Amino acid sequence: MKLSQGFWQTYKEIPADAEIPSHQLMIRAGLIHKSGSGLYNYLPMGLRSIRKVEKIIREELDRIGCFEITMSVVTPGELWQETGRWDKMGGLMLRFKDKKDADLCISPTNEEAVTDIFRKTIKSYKQLPVKLYQINTKFRDEIRPRFGLMRGREFTMKDAYSFHMDKASLDVGYQEMYDAYTAIFTRLGLEFIPVEADGGAMASAESKTHEFQVVANAGEDLIIYSQEAKYAANIEKAQTKRIKTDFDMTVAPMKEVETIKVESIDAVCKLLNVQHSQTLKSMVYTATTGSESKMILAMVIGDDSVNEIKLQNFLKCDHLATSSEDEMKKAKLWKGFVGPAGLEGQLDILLDSEINLEATYVIGANKKDAHVTGFSPKRDLKKFTQADLRLSKAGDLTLDGLHTVVEKRGIEVGHVFQLGDKYTKDMKVGILDQNGKLVTPLMGCYGIGVTRIVAAAIEQNHDENGIVWPKSIAPYQVYFATIVKAEEFVKIANDIYSDLTKAGIEVVYDDRNVGPGNKFKDSDLLGLPLRVVLGERDFSASGELEIILRKTGEIKKVKREELVSTLKNLLK
């Protein structure tokens with residue numbers, strides 16, 4: 001592409017609403033154009049990268065026997081109503097009615113739509129397994145869209161779905177897709193970590209599921225990670241052990257102490273001169289299932305926090321929220337002074353599994369401005385349940401106690417789920433098994449955020465001057481800049497551009513009538529893997545061109561006749 005004839009514009013100023021590097025650079029480098037809140041147009045440079053991501057995805061999915069389809073962006077509400085997600089996902093869905101007053105939505109995902117296709121097409125176990133995928137537009141009506149393509153409302157997504165006769169087949173299909181994802185993200189040239197994850201609204205808590213996280217400082221997700229143990233999990237799912245804890249094993253009766261206006265764990269520890277590990281943090285939640293709600297007291301060691309995802313999964317409730325002030329007052333609970341004493345029978349009491357039941361702790365006294373010392377769970381509580389409720393953190397140990405975990409920030413770019421019969425059962429899908437019996441097939445779901453990958457790649461690969469593209473998804477491979485005036489050198493430049501193009505090298509030819517400073521700044525901003533410079537003075541003196549590697553800044557001098565072969569070697 002000759003820039004003098006191309007559709008491309010760069011910008012010096014950082015957009016006011018662009019908070020993270022990828023958002024800033026995608027706009028400044030002319031990859032995207034904002035059309036509205038969370039809505040972006042893909043410009044030529046950005047679209048080329050998106051298409052390269054799509055190509056790699058297609059190649060790897062086709063390799064494992066997936067078939068590509070395209071489902072309508074608008075889907076009937078009646079399909080969503082069959083699974084109950086019309087109401088559950090209502091806040092994320094852009095819903096409307098057609099002229100016949102029928103409910104419709106712009107798809108945020110397509111489990112219902114693909115299951116409808118399957119049930120009208122496949123009738124026998126002989127036709128299984130089936131693996132279908134599409135690369136299509138999705139829309140999720142985010143309350144606060146931000147970070148450009150990282151969390152926009154409209155985006156391009158690859159969603160795949162598999163249908164299986166039994167769990168053994170589902171396990172095989174899941175592993176095939178997991179391996180395909182590993183190949184995809186490796187080919188994309190990204191540093192990524194597959195992590196154990198929570199299924200969220202997409203699947204049950206028991207479903208096997210992994211996220212593929214691109215490591216980046218601006219990542220919204222926190223990953224608990226041990227390279228030595230080969231363990232990685234989203235913090236919502238992570239299971240770890242505390243490091244050795246000095247519990248207070250003193251046997252002492254419970255004693256109420258005055259703690260006027262001392263509500264936080266830190267303040268209580270300071271006042272009573274105790275360690276955080278010698279206190280228990282009591283959190284009150286309201287768990288709702290259907291139309292029924294109940295209050296829960298969840299307790300962790302003082303320097304731990306409650307993992308609300310784990311708690312909700314343990315309770316198997318539809319919704320979980322911190323109890324409101326009105327709910328607390330009605331239950332005669334004082335915020336900052338809550339404890340389990342006297343609450344048995346009034347609230348369900350859950351203790352984290354890391355709490356030593358024979359140790360003694362400081363707890364809230366369930367009255368204003370008072371705490372209790374000498375509380376021993378095994379001695380002083382008659383009815384409670386112990387479960388893994390704590391939020392993992394850096395410095396914890398892996399479950400075998402042999403390795404220390406660290407925290408990393410990640411951007412979720414892919415997710416694989418074992419859905420089981422969650423959707424096929426709700427939508428009354430049946431196939432005939434080997435005995436002619438009607439059975440419900442099992443299902444897997446596999447998503448990749450195509451446009452998010454491009455943003456995540458930039459988030460992971462940039463410097464103070466601009467983008468540093470991985471070779472496989474750069475819009476072009478080479479930025480060819482010329483510093484020439486004489487007509488004979490203009491002809492040489494045109495001939496070199498022609499040679500590169502004929503050799504199959506993707507090249508941006510900066511033939512604009514601007515100074516070298518502007519060309520080099522735009523080259524760094526766009527961040528193509530290689531820059532080739534034809535300088536009239538240097539070429540006249542030595543017959544050499546200059547190649548600069550964007551990632552390292554390394555400079556190579558080459559003769560014209562060696563240019564194509566050198567570039568091809570560098571691009572391998």
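## Helices H1 and H12

In this predicted model, helix H1 (residues 21-28) packs against helix H12 (residues 450-460) at an angle of about 105 degrees, and their axes are 8 Å apart. An angle of that value makes H1 roughly perpendicular to H12, since the range from 65 to 115 degrees counts as roughly perpendicular.

The residues that meet are Pro21, Ser22, Leu25 and Met26 on the side of H1, and Val454, Ala455, Ile458 and Glu459 on the side of H12. Sorted by class, the contact of H1 with H12 comprises six nonpolar residues, one polar residue and one charged residue.

## Helices H2 and H6

A second helix pair is formed by H2 (residues 44-63) and H6 (residues 167-187), whose axes come within 9 Å and cross at roughly 150 degrees. The crossing angle makes H2 roughly antiparallel to H6, because angles over 145 degrees are placed in that class. The crossing in which H2 passes H6 is right-handed.

From H2, the residues in contact are Ile56, Ile57, Glu59, Glu60, Leu61 and Arg63, and they meet Met177, Ala180, Ala183, Ile184 and Arg187 of H6. By class, the contact of H2 with H6 has seven nonpolar and four charged residues, with no polar ones.

## The three-stranded sheet

Three strands make up an open sheet with the order S4-S6-S5, in which the pairing is antiparallel. Strand S4 (74-76) and strand S5 (94-97) each have a single partner strand and stand at the edges, so one side of each is left without a neighbour in the sheet. From one strand to the next, the twist averages 35 degrees.

Within this sheet, S4 pairs with strand S6 (residues 103-106) in the antiparallel sense, over three bridges. Val74 has Ile106 in S6 as its bridge partner.

## An aromatic pair between strands S9 and S10

The count of aromatic pairs comes to eleven. Among them is the pair of Phe192 and Phe212, which is tilted, with 6.3 Å from centre to centre and 35 degrees between the planes. Phe192 belongs to strand S9 (residues 192-196) and Phe212 to strand S10 (residues 209-215), so the pair ties together parts that are 20 residues apart in sequence.

## The five-stranded sheet and its helices

Further along the chain numbering, an open sheet of five strands has the order S28-S27-S29-S30-S31, and its pairing is mixed. Strand S28 (507-510) and strand S31 (555-559) are the edge strands, each of them pairing on one side only. On average, and with direction ignored, neighbouring strands of this sheet are turned by 25 degrees against each other.

Strand S27 (residues 478-483) and S28 run parallel and are joined by four bridges, and Tyr479 stands opposite Val508 in S28. Helix H13 (residues 487-502) packs on the sheet, where it touches S27, S28, strand S29 (530-535) and strand S30 (544-549), and the direction of H13 makes about 170 degrees with that of S28. Helix H16 (residues 563-570) lies across S27, S29, S30 and S31, and runs at about 10 degrees to S30.

Terms used. Residues are numbered from 1 along each chain as its sequence is written. This is a predicted model: local features need pLDDT of at least 70, side-chain atom pairs count only at pLDDT 80 or more; totals for chains, interfaces and linings use all residues. Side-chain values use heavy atoms; hydrogens and water are left out. Two strands pair if DSSP finds at least two bridges between them. Helices (H or I, at least four residues) and strands (E, at least two) are DSSP runs, numbered from the N terminus. Axes are lines fitted to C-alpha atoms, for helices over the stretch in contact, and angles run from 0 to 180 degrees between N-to-C directions. Angles under 35 degrees count as roughly parallel, over 145 as roughly antiparallel, 65 to 115 as roughly perpendicular and the rest as oblique. A crossing is left-handed if the near helix is turned anticlockwise from the far one by less than a right angle, and right-handed if clockwise. Contact means heavy atoms within 4.5 Å. Ala, Val, Leu, Ile, Met, Phe, Trp, Tyr, Cys and Pro count as nonpolar, Asp, Glu, Lys and Arg as charged, and the others, Gly among them, as polar. Rings of Phe, Tyr and Trp (its six-membered ring) pair if their centres lie within 6.5 Å; planes under 30 degrees apart count as stacked, over 60 as edge-to-face and the rest as tilted.
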